[in-house]
Amino acid sequence: MSDDFMLDTDDIERRMTGAIGSLRTEFASLRTGRASASMLEPVMVDAYGSMTPINQVGTVNVPEPRMVTINVWDKGLVGKVEKAIRESGLGINPQLNGTIIMLPIPELNEERRTQLTKVAGSYAENARVSIRNIRRDGMDQIKKAKADGMSEDDQKLWEGEVQDLTNKYIGSIDELLETKQAEIMQV
């Protein structure tokens with residue numbers, strides 16, 4: 001029975017990669033003083049009776065480094081898109097020009113930069129917790145197999161494999177965080 005145990009390391013790795021992907025998405029939504037269409041991804045608009053991402057009600061462009069424009073397709077939604085941006089907590093003041101909403105990205109002050117690095121740190125910590133939870137799931141599978149008769153050598157081998165994956169992905173999170181914090185603090 002003990003020789004039959006095969007830990008699905010591909011599943012563990014896929015789940016850990018998902019946690020990293022989620023972290024990258026969260027980091028992309030953090031404003032760094034540079035315009036980016038991805039900073040609007042978390043903003044949802046109440047359009048046609050349901051919450052809809054901004055990129056599904058208009059075209060999002062970045063014509064210059066400190067400006068994002070949204071060309072809203074339906075004139076009736078311009079006010080709702082503007083309201084959604086104001087209430088999103090991005091700290092951007094939309095300016096209307098017909099059906100085009102312009103979002104000038106202001107310079108970040110030192111206090112706001114420090115705040116954003118803390119937010120980035122909390123996003124990274126959430127990702128680390130996700131990785132550790134995935135590690136715990138893998139270790140639980142190994143303990144269950146040990147109770148079913150797996151040898152101690154096999155247990156150590158599998159635990160080492162799971163720990164190596166965990167270390168690799170936690171290291172990736174740390175690198176991403178360091179890069180993002182450097183980007184935020186760049187004046």
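Helices are DSSP runs of H or I spanning at least four residues, numbered from the N terminus. In the predicted model described here, helix α4 covers residues 152-185, and this element contains both partners of a salt bridge, glutamate 183 and lysine 180. The closest N and O atoms of the pair are 3.5 Å apart. Glutamate 183 and lysine 180 stand three residues apart in the helix, a separation of about one helical turn. The two side chains differ in burial class: lysine 180 is buried, with a relative accessible area of 8%, whereas glutamate 183 is partly exposed at 27%.

The overall architecture of the protein chain comprises four helices and six strands. Read from the N terminus, the order of these elements is α-β-β-β-β-α-β-β-α-α. The radius of gyration is 22 Å, well over the 16 Å that the globule rule gives for 187 residues, so the protein chain is more spread out than a compact globule. The C-alpha trace spans about 70 × 40 × 20 Å along its principal axes.

Several global quantities complete this description. Buried residues make up 37% of the 187 residues in the protein chain. Among contacts with a separation of 6 or more, 67% are accounted for by residues 24 or more positions apart. The exposed area of the protein chain amounts to about 10600 Å², and 49% of that area is supplied by carbon and sulfur atoms. The protein chain carries 23 positive and 30 negative charges; the mean positions of these two sets lie 8 Å apart.

Side chains of opposite charge can pair when their charged atoms come close. With a cut-off of 4 Å between a side-chain nitrogen of Lys or Arg and a carboxyl oxygen of Asp or Glu, the count comes to 10 salt bridges. One of the pairs is located in helix α1, which covers residues 9-29: arginine 14 and aspartate 11 form a salt bridge with an N to O distance of 2.4 Å. Arginine 14 and aspartate 11 are three residues apart in helix α1, and about one helical turn separates them. Arginine 14 is exposed, its relative accessible area being 54%, while aspartate 11 is partly exposed at 23%.

A further salt bridge joins the side chains of aspartate 137 and arginine 136, with an N to O distance of 3.9 Å, a value within the 4 Å cut-off. Aspartate 137 is partly exposed at 25% relative accessibility, and arginine 136 is likewise partly exposed, with a relative accessible area of 43%. In addition to these pairs, salt bridges link Glu125, Arg128, Arg132 and Asp174 in a network.

A backbone feature was identified at tyrosine 48. Most residues other than glycine have a negative phi. The phi of tyrosine 48, by contrast, is positive, with a value near 55°. Tyrosine 48 is located in the loop between β1 (44-47) and β2 (50-53). The relative accessible area of tyrosine 48 is 64%, and the residue is therefore classed as exposed, the threshold for that class being over 50%.

How values were computed. Residues numbered from 1 in each chain as written. Predicted model: local features only at pLDDT ≥ 70, side-chain atom pairs only at ≥ 80, totals over all residues. Heavy atoms only, no water. Helix = DSSP H or I, 4+ residues; strand = E, 2+ residues; numbered from the N terminus. Buried < 20%, exposed > 50% of the residue type's maximum accessible area, 1.4 Å probe, protein only. Rg over C-alpha atoms; globule rule 2.2 N^0.38 Å. Contact = heavy atoms within 4.5 Å. Areas by Shrake-Rupley, 256 points an atom, 1.4 Å probe, with all protein chains shown as cover. Lys, Arg positive; Asp, Glu negative; His and termini not counted. Charge placed at Lys NZ, Arg CZ, Asp CG, Glu CD.
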